[in-house]
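Take a look at the chain below before reading on. The text works from the overall make-up inward to single positions.

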Amino acid sequence: MKKLFALVLALTMVLALVGCGNASSNTPASSSAGTAESGGSAPASESEAGGRAFGCVVFASTAQSSQREAEAFTEYVEAQGDEAIVLYAEGDLQKMLDCVDDLVSRGVDGIIMQMVTSEPPISMFEELQAAGIPLALMDGAATNVTEEDGYVISETISYNYGAGVQAAEDLYERSGGETVNVLVMERPDSESGQDRCDGFMDTIAKYDNLILLEHNSTVTDNAEQELELASSWVQKYDDIGAIFSFHDVGAMACVQALKAEGRLDGVYVYGVDGNTDALESIQNGELTGSVLQQQREMATEAIKDVYTVVNGGTIDHEYHRELDTVLITESNIGEYIDY
């Protein structure tokens with residue numbers, strides 16, 4: 001009887017161990033803060049393949065800019081034979097902090113991040129510094145830390161002010177010196193978004209024939225609210241010559257509002273981001289232009305910096321870098337439609 005009991009006990013222990021092994025190897029990595037796009041569930045920095053693990057936190061799963069950054073990050077990391085973990089903050093600060101906690105608990109070797117705010121809690125940076133995890137920022141800078149603080153190894157962003165300048169200069173060329181009444185959809189609570197609008201408004205102010213009728217924003221960064229604002233402009237102003245939006249979602253809302261009233265013809269509409277629907281709209285002769293942010297390049301440059309530090313090297317460029325933007329119109333759409 002004792003031998004039978006011992007045999008049952010031993011068999012139970014073996015089954016328990018098998019069960020733990022299956023849970024570790026087959027359960028996909030996940031987080032309440034976002035979704036792990038790639039990589040396994042290894043909690044430590046050593047993945048099953050014996051390489052390292054790197055994390056990427058991006059703004060939102062629905063944002064095409066975030067998707068491009070996640071793809072570029074994943075491609076680069078996996079090309080090194082390492083594990084790439086992508087988490088989405090979904091535009092929420094607390095979720096962004098949860099994503100960071102998740103990656104720290106997994107023991108990743110480094111992180112790149114597209115933040116949801118330019119002033120996250122200092123405690124987030126302190127957590128990563130204490131864990132010895134280098135952080136590189138992309139597509140947005142942190143205004144409450146400096147290079148000397150040592151919390152961030154580099155910032156790679158777009159030249160957002162220049163994006164607005166490019167659109168405004170194109171508008172002036174198209175105007176041929178004729179008077180054009182202009183509206184601007186801005187985003188005061190977004191540093192990058194407002195920089196784009198400032199660049200646009202500062203530039204049109206240099207030309208007497210470009211008249212700023214109104215610059216306004218929605219309560220939140222919301223497509224429905226942006227459509228409501230655009231529709232109110234169409235009802236309010238009889239002579240609209242051009243509209244600039246801080247991003248493509250707002251620009252497409254303006255196109256929609258103008259089309260609904262049969263007033264799109266002859267109105268120049270510009271956005272920023274180079275989203276797929278915006279590029280298709282340019283092809284269709286609706287949207288005038290979209291200023292492309294080089295999201296893939298920002299992500300690639302950020303993760304390169306992380307690898308440099310992790311591998312014991314020294315970053316050989318300035319802490320803060322701004323990549324040039326590209327104005328896409330009907331003249332060059334063929335070069336960027338598949339970006």
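What follows describes a sheet, the elements around it, a pocket and two individual residues.

The model is predicted. The protein contains 11 helices and 14 strands. Of its 339 residues, 49% are buried. Among contacts with a separation of 6 or more, 71% join residues 24 or more positions apart.

Begin with the sheet. In general, the strands of a sheet pair through backbone hydrogen bonds, in either a parallel or an antiparallel way. Here 6 strands make an open sheet, and their pairing is parallel. The order across the sheet is β4-β3-β5-β6-β7-β13. The edges are taken by β4 (83-88) and β13 (320-323), each of which has a single partner strand, so one side of each is left without a neighbour in the sheet. From one strand to the next, the twist averages 20°.

The pairings inside the sheet can be followed strand by strand. Between β3 and β5 there are 4 bridges, in the parallel sense, and Cys 56 has Ile 112 in β5 as its bridge partner. The pair β5 and β6 is also parallel, over 3 bridges, with Met 113 standing opposite Leu 137 in β6. To get from β5 to β6 the chain passes through helix α4 (residues 122-131), and this β-α-β crossover is right-handed. Strand β6 (residues 135-138) then pairs with strand β7 (residues 154-158), again in the parallel sense and over 3 bridges. In that pairing, Met 138 is placed opposite Thr 156 in β7.

What covers β5 on its two faces can be read from its side chains. Gly 110 and Ile 112 on one side are buried, and so are Ile 111 and Met 113 on the other, so that both faces of the strand are covered. Helix α2 (residues 64-79) lies across β3 (53-58), β4, β5 (110-113) and β6. Relative to β4, helix α2 runs at about 165°.

Which residue of another helix comes into contact with β5? Val 306 touches Gly 110, Ile 111 and Ile 112, and its contacts beyond four places in sequence also include Phe 54, Pro 134, Ala 136 and Ile 153. Val 306 belongs to helix α10 (residues 295-310). Its relative accessibility is 0%, and it therefore counts as buried. Although Val 306 and Gly 110 are 196 residues apart along the chain, their C-alpha atoms are separated by 6.1 Å.

A second position to examine is Ala 60, in the loop between β3 and α2. Is Ala 60 buried or exposed? With a relative accessibility of 6%, against a cut-off of under 20%, Ala 60 counts as buried. Beyond its neighbours within four places in sequence, Ala 60 is in contact with Ser 66, Tyr 88, Glu 90 and Gly 91. Ala 60 and Ala 89 lie 29 residues apart in sequence, with a C-alpha to C-alpha distance of 5.7 Å.

The last feature is the largest pocket, whose volume is about 1200 Å³. Its lining comprises 42 residues, and those nearest its centre are Phe 59, Ser 190, Ser 192, Asp 221 and Phe 246. Elements that each supply at least two lining residues include α2, β7, α5 (160-175), α6 (191-204) and β13. The largest contribution to the lining comes from α6, with 4 residues.

Notes:
Residues numbered from 1 in each chain as written. Predicted model: local features only at pLDDT ≥ 70, side-chain atom pairs only at ≥ 80, totals over all residues. Heavy atoms only, no water. Pairing = 2+ DSSP bridges. Axes fitted to C-alpha atoms, helices over the stretch in contact; angles between N-to-C directions. Contact = heavy atoms within 4.5 Å. Buried < 20%, exposed > 50% of the residue type's maximum accessible area, 1.4 Å probe, protein only. Right-handed = clockwise from strand over helix to strand, strands pointing away. 1 Å grid on protein atoms, 1.4 Å probe; cavity = no way out; pocket = protein on both sides within 12 Å on 5 of 7 lines; lining within 4 Å. Points joined across faces, edges and corners; volume = space filled by probe spheres on them.
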